[in-house]
Amino acid sequence: MSYSILDYATMLGDPGRMENYSAVLKRAVTPDSVVLDLGTGAGYFAVLAGLLGARRVYAIEPNPAIEVGRELARENGVSHRIQWHQAQSTDVVLPELVDIVVADLRGVLPQCVGNLPAIMDARTRLLKPGGLLLPQKDRLFFTIASDPQAFKDCVEPWQQLAADQLKLDCYSKALCHGFMSRESKSENLLTSPKLWAEIDYRTATTMDHQNSVEFKIERAGTGHGFYLWFECQVDDDHVYSFGPDTPVVVYGSAFFPFQHPLKLSPGDSVTLDLSVRLDSDEYQWTWVTKAIQGATASPSTLKQSTFLNRTDLTPKVLRKKQPASITQLSKRGRITHRILTLMLKGKSNGSIAEALAIEFPAANKSHEHWLAVVGEIALDFGD
Ligand SMILES: C[S@@+](CC[C@H](N)C(=O)[O-])C[C@H]1O[C@@H](n2cnc3c(N)ncnc32)[C@H](O)[C@@H]1O
């Protein structure tokens, strides 16, 4: 996910996150401290650590917004304490081990590709033995919810006119395998929340998880799905949560819809078997819901997975990823290959653009077009 400066500024409006990370840094940073702000974004926690008197702060972030961090450091008079690295943390070598790592790398849920590998790398390669890793833990909770609006927004997000004009069942069939960020309200809960998973960043080696939990319905209503959210333990004394009734600033709870709404009465049982697994390029969520509605009813079982909501996993795509598959380069592939070859020979962007205009005349593109193409490749693959 690529954040804008507005995203970074908005994150500063999240009271739970701001108050807890700030309080822990205030307590932990001393004049001897060396701090790493991993995923510094626009630099806020790096600059705060500098202001709190840290001897040295390393701030790492691939997003160009890191430049705003440099400016923030100048504005607050702590530039001399902070070393900035525009890079992925796993590519950065620091001249010393650090005492504190701040790594708030999550989205609406902690399972974001690259998050745990970055934390594992920092804790084994960059943090002093016994150093402080922030946050320490996430706990994920879930509960059955009656939320018709969240259900509609997930599976029928269109205007009535669209549904009046065409049948749209095939859209809903795919959409029910996805989830979205929502503000959860305690008045919508049909069951008390239960713990689904715990991730201790000081020891975790995987974010894959599976857990099956039975819920007893506590009040009558229509179950539209379940909310899942995390509670963050920054350190032993500082905890905040994105659970029910927390005003949403950036993230709320994740709402997972059921395939279809379930009429539920007190005493009914709903068992949620929820799992998450990292595929090659994405976390896939699977939820199997087994509901027993009434004492004598046979259970209804709903099987859903984000895997079924992906339009990019066509048979053609899967075939291309097979170990035995041999790839013929497309025109774009040949252009990229040519650009990289000329870059390896030390050619300037301008001379590569000129060469492309000659070598790919059928494209009939201007010099400015080729220059923009070369510039994109330079940003993607350049050092
Ligand atoms: C949720 S934002 C937090 C930004 C900032 N720390 C703050 O509190 O305002 C997470 C940031 O981590 C960055 N990030 C994720 N993985 C990273 C990695 N391996 N190395 C450096 N930055 C990373 C993302 O680009 C993003 O800017």
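Trainee: Which residues surround the ligand most closely in this model?
Mentor: In this predicted model, 18 residues surround the ligand, and the closest are Tyr8, Arg17, Gly39, Glu61 and Ser89. A residue is counted here if one of its heavy atoms lies within 4 Å of the ligand.

Trainee: What makes the approach of glycine 39 to the ligand a polar contact?
Mentor: A polar contact is a pair of N or O atoms within 3.5 Å. A backbone N or O atom of glycine 39 lies 2.7 Å from a nitrogen atom of the ligand, so the pair meets that definition.

Trainee: Which side chains make contacts judged by the cut-off of 3.5 Å?
Mentor: Among them is glutamate 61, which has a side-chain N or O atom 2.7 Å from an oxygen atom of the ligand. Glutamine 88 is another, with a side-chain N or O atom 3.0 Å from a nitrogen atom of the ligand. Both distances fall within 3.5 Å, and therefore both pairs count as polar contacts.

Trainee: How do you know whether the ligand is buried or exposed?
Mentor: Taken alone the ligand exposes 600 Å², and the protein buries 91% of that area. The shell of residues around the ligand divides into 10 nonpolar, four polar and four charged.

Trainee: How is the chain divided into domains?
Mentor: The domain assignment gives domain 1 as residues 5-134, domain 2 as residues 138-316 and domain 3 as residues 331-381. Taken over C-alpha atoms, the centres of domain 2 and domain 3 are separated by 46 Å.

Trainee: Why are β1 and β2 called paired strands?
Mentor: Two strands pair if at least two bridges are found between them. Strand β1 (residues 34-38) and strand β2 (residues 56-60) are joined in the parallel sense over five bridges, so they satisfy that condition. One of these bridges links valine 34 to arginine 56 in β2.

Trainee: What is the order of the sheet that holds β1 and β2, and which strands are at its edges?
Mentor: Five strands form an open sheet with parallel pairing, in the order β3-β2-β1-β4-β5. The edge strands are β3 (82-85) and β5 (127-134), each of which pairs on one side only. Neighbouring strands of this sheet are turned by 20° against each other on average, with direction ignored.

Trainee: Why is the peptide bond between leucine 134 and proline 135 worth pointing out?
Mentor: Most peptide bonds are trans. The bond joining leucine 134 and proline 135 is cis, with omega of about 0°, and proline 135 lies in the loop between β5 and β6 (137-145).

Trainee: What is notable about phi of aspartate 245?
Mentor: Most residues other than glycine have a negative phi. Aspartate 245 has a positive value, near 70°, and is found in the loop between β11 (238-241) and β12 (253-264).

Trainee: How do you know that β14 pairs with both β13 and β15?
Mentor: Strand β13 (residues 269-278) is joined to β14 by 10 bridges, and the two run antiparallel. Strand β14 (residues 283-292) and β15 pair in the antiparallel sense over six bridges. The condition is at least two bridges, so β14 pairs with each of these strands. Threonine 289 shows this within a single residue, being the bridge partner in β14 of leucine 272 and having leucine 302 as its own bridge partner in β15. A hairpin of four residues joins β13 to β14.

Trainee: Where does β14 stand in its sheet?
Mentor: The open sheet of four strands has the order β9-β13-β14-β15, with antiparallel pairing. Its edge strands are β9 (209-216) and β15 (300-305), and the twist averages 10° from one strand to the next.

Technical notes:
Residues are numbered from 1 along each chain as its sequence is written. This is a predicted model: local features need pLDDT of at least 70, side-chain atom pairs count only at pLDDT 80 or more; totals for chains, interfaces and linings use all residues. Side-chain values use heavy atoms; hydrogens and water are left out. A polar contact is a pair of N or O atoms within 3.5 Å; within protein, one must be able to donate a hydrogen and the other to accept it, and residues adjacent in sequence count only if both atoms are side-chain atoms. Accessible areas come from the Shrake-Rupley method with a 1.4 Å probe; for residues, only the protein chains shown count as cover. Ala, Val, Leu, Ile, Met, Phe, Trp, Tyr, Cys and Pro count as nonpolar, Asp, Glu, Lys and Arg as charged, and the others, Gly among them, as polar. Domain bounds come from an automatic or database domain assignment. Axes are lines fitted to C-alpha atoms, for helices over the stretch in contact, and angles run from 0 to 180 degrees between N-to-C directions.
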